[in-house]
Amino acid sequence: MKGLVIKNTGSWYVVRCDDGTLHNCKIKGNLRLKGFRCTNPVAVGDIVNIETKNDGTAFIRSIDERRNYIIRRASNLSKEFQIIASNLDQAVLVVTLANPVTNTTFIDRFLATSMAYNVPTVIAINKIDLLTQDDDAALLEAVTALYRGIGYEVIQMSTKTGEGLDELKLSLNGKTSLLSGNSGVGKSSIINCMVPGARLRVGDVSQSHHTGMHTTTFSEMLDLPQGGCIIDTPGVKGFGTIDFKREEVAHYFPEIFEISDGCRFGNCTHTHEPGCAVLKAVEQHYISESRYNSYLSIITDDPEDKYRKAF
């Protein structure tokens, strides 16, 4: 039987078959023996073929070819990666500028990865109700202008006041959307607003470390009442890229790629070369310093991001 993976608990996968039935499945052992360097050979969003035994147990035998997917480097496993979700129409990256503050390098690494794997991304800036000072308002507009200027859709929103929720709902309508972001940015609250009856547990932000505490512990697909679905995923602290060729990284930063056409050398790394149009653009503020630092962190393979700077 063929079905859609709608939940991954780590050891079990819930598969919804074409007839609407749900099956708790494990994977066949040989599915792990195909040289695929990932921690989870099956992901939410996969179309799979399953077989059921007489005793009621079910196994995933094979995975249909994926249309696309998003991956990230697995924690403490530099040579392995995790497939976050597959067969997506878009990703919604939820970020916050307060309580907690989403690091710009995290944003840019996610955007570069989603572009590399052909997943369009919407940026949802949540908790704007917390931005009450003049400096906060200026920061919000600066971040919004930066990413809109690059070409990304940016939604300013608050689940507390309801601002931006209709705009987000319209963006989600009829699409399979991955919802991702750091812990504590309000993904569960957003889903509770989008999916009546979801009642996901909402976590607090650590006052000592100003970071979110995990409330979602597995990936799950939730149907939207207006059509489409959201894939909810556990919050992540960092976003390690993998399998990027150094010379191709600039392709995933649209503004850098566009300006690089003016570089003197075709193999310019945009780090030190004479006649580099990108370095000149950074110096003249046509390219944001935060975006350029994110580019450097990837080409130097620096997941700790020694180039990290805030806006």
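A residue counts as buried when its relative accessible area is under 20%, as exposed when that area is over 50%, and as partly exposed in between. The exercises below apply this and related criteria to a predicted model.

**Exercise 1. Classify His-270, and describe its place and its backbone.**

Step 1. The relative accessible area of His-270 is 5%. Since the cut-off for a buried residue is 20%, His-270 is buried.

Step 2. His-270 belongs to the loop that joins helix 5 and helix 6.

Step 3. Its phi is positive, near 65 degrees, although His-270 is not a glycine. Most residues other than glycine have a negative phi.

**Exercise 2. Describe the overall make-up of the protein: its helices and strands, its burial and its surface.**

Step 1. The protein contains seven helices and 13 strands.

Step 2. Its chain has 311 residues, of which 50% count as buried.

Step 3. The protein exposes about 15400 Å², and 48% of this comes from carbon and sulfur atoms.

Step 4. Consider contacts between residues at least 6 apart in sequence: 62% of them join residues at least 24 apart.

**Exercise 3. Determine how helix 3 and helix 4 are arranged, and which residues make their contact.**

Step 1. Two packed helices are described by the angle between their axes and the distance between the axes.

Step 2. For helix 3 (residues 165-172) and helix 4 (residues 187-194), the axes come within 11 Å and cross at roughly 80 degrees.

Step 3. Angles of 65 to 115 degrees count as roughly perpendicular, so helix 3 is roughly perpendicular to helix 4.

Step 4. Helix 3 contributes Leu-165, Leu-168, Lys-169 and Leu-172 to the contact, while helix 4 contributes Ile-190, Cys-193 and Met-194.

Step 5. By type, the residues of this contact are six nonpolar, no polar and one charged.

**Exercise 4. Identify the residues that touch the most other members of the largest nonpolar core, and trace the contacts of Ile-125.**

Step 1. The largest nonpolar core has 44 residues. Those touching the most other members are Val-15, Ile-60, Ile-70, Ile-123, Ile-125, Tyr-147 and Leu-178.

Step 2. Helix 2 (residues 134-150) supplies the largest share of this core, five residues.

Step 3. With neighbours within four places in sequence set aside, Ile-125 is in contact with Val-95, Leu-97, Leu-140, Val-143, Thr-144, Val-154, Ile-155, Gln-156 and Met-157.

Step 4. Another core, of 20 residues, lies apart from the largest one; among its members are Ala-250, Tyr-252, Tyr-295 and Ile-299.

**Exercise 5. Establish how far helix 7 is enclosed, and what its buried residues pack against.**

Step 1. Of the 11 residues of helix 7 (residues 289-299), 10 are buried, so this helix is largely enclosed by the rest of the structure.

Step 2. The buried residues are Ser-290, Arg-291, Tyr-292, Asn-293, Ser-294, Tyr-295, Leu-296, Ser-297, Ile-298 and Ile-299.

Step 3. They pack against helix 1 (104-116), helix 2, helix 5 (254-259) and helix 6 (277-283).

Step 4. After helix 7 comes Asp-301, whose phi is positive, near 55 degrees.

**Exercise 6. Describe the backbone at Asn-99 and Pro-100.**

Step 1. Asn-99 lies in the loop between strand 8 and helix 1, and Pro-100 is in the loop between strand 8 (90-96) and helix 1.

Step 2. The peptide bond from Asn-99 to Pro-100 has omega near 0 degrees and is cis. Most peptide bonds are trans.

Step 3. Asn-99 has a positive phi, near 50 degrees.

Step 4. With a relative accessible area of 35%, Asn-99 is partly exposed.

**Exercise 7. Compile the surroundings of Met-221 and His-23.**

Step 1. Met-221 is part of strand 12 (residues 219-223) and is buried, with a relative accessible area of 9%.

Step 2. Beyond neighbours within four places in sequence, Met-221 is in contact with Leu-4, Val-5, Ile-6, Arg-16, Val-44, Gly-45, Cys-229, Ile-230 and Ile-231.

Step 3. Met-221 and Asp-232 are 11 residues apart along the chain, and their C-alpha atoms are separated by 6.3 Å.

Step 4. His-23 sits in strand 3 (residues 22-27) and is buried, at a relative accessible area of 18%.

Step 5. Beyond neighbours within four places in sequence, the contacts of His-23 are with Met-1, Tyr-13, Val-14, Val-15, Cys-17, Ile-50, Thr-52 and Ala-58.

Definitions and conventions: Residues are numbered from 1 along each chain as its sequence is written. This is a predicted model: local features need pLDDT of at least 70, side-chain atom pairs count only at pLDDT 80 or more; totals for chains, interfaces and linings use all residues. Side-chain values use heavy atoms; hydrogens and water are left out. Helices (H or I, at least four residues) and strands (E, at least two) are DSSP runs, numbered from the N terminus. Buried means under 20% relative accessible area, exposed over 50%, partly exposed in between (1.4 Å probe, protein chains only). Contact means heavy atoms within 4.5 Å. Accessible areas come from the Shrake-Rupley method with a 1.4 Å probe; for residues, only the protein chains shown count as cover. Axes are lines fitted to C-alpha atoms, for helices over the stretch in contact, and angles run from 0 to 180 degrees between N-to-C directions. Angles under 35 degrees count as roughly parallel, over 145 as roughly antiparallel, 65 to 115 as roughly perpendicular and the rest as oblique. Ala, Val, Leu, Ile, Met, Phe, Trp, Tyr, Cys and Pro count as nonpolar, Asp, Glu, Lys and Arg as charged, and the others, Gly among them, as polar. A nonpolar core is a set of buried Ala, Val, Leu, Ile, Met, Phe, Trp, Tyr and Cys residues joined through side-chain atoms within 4.5 Å.
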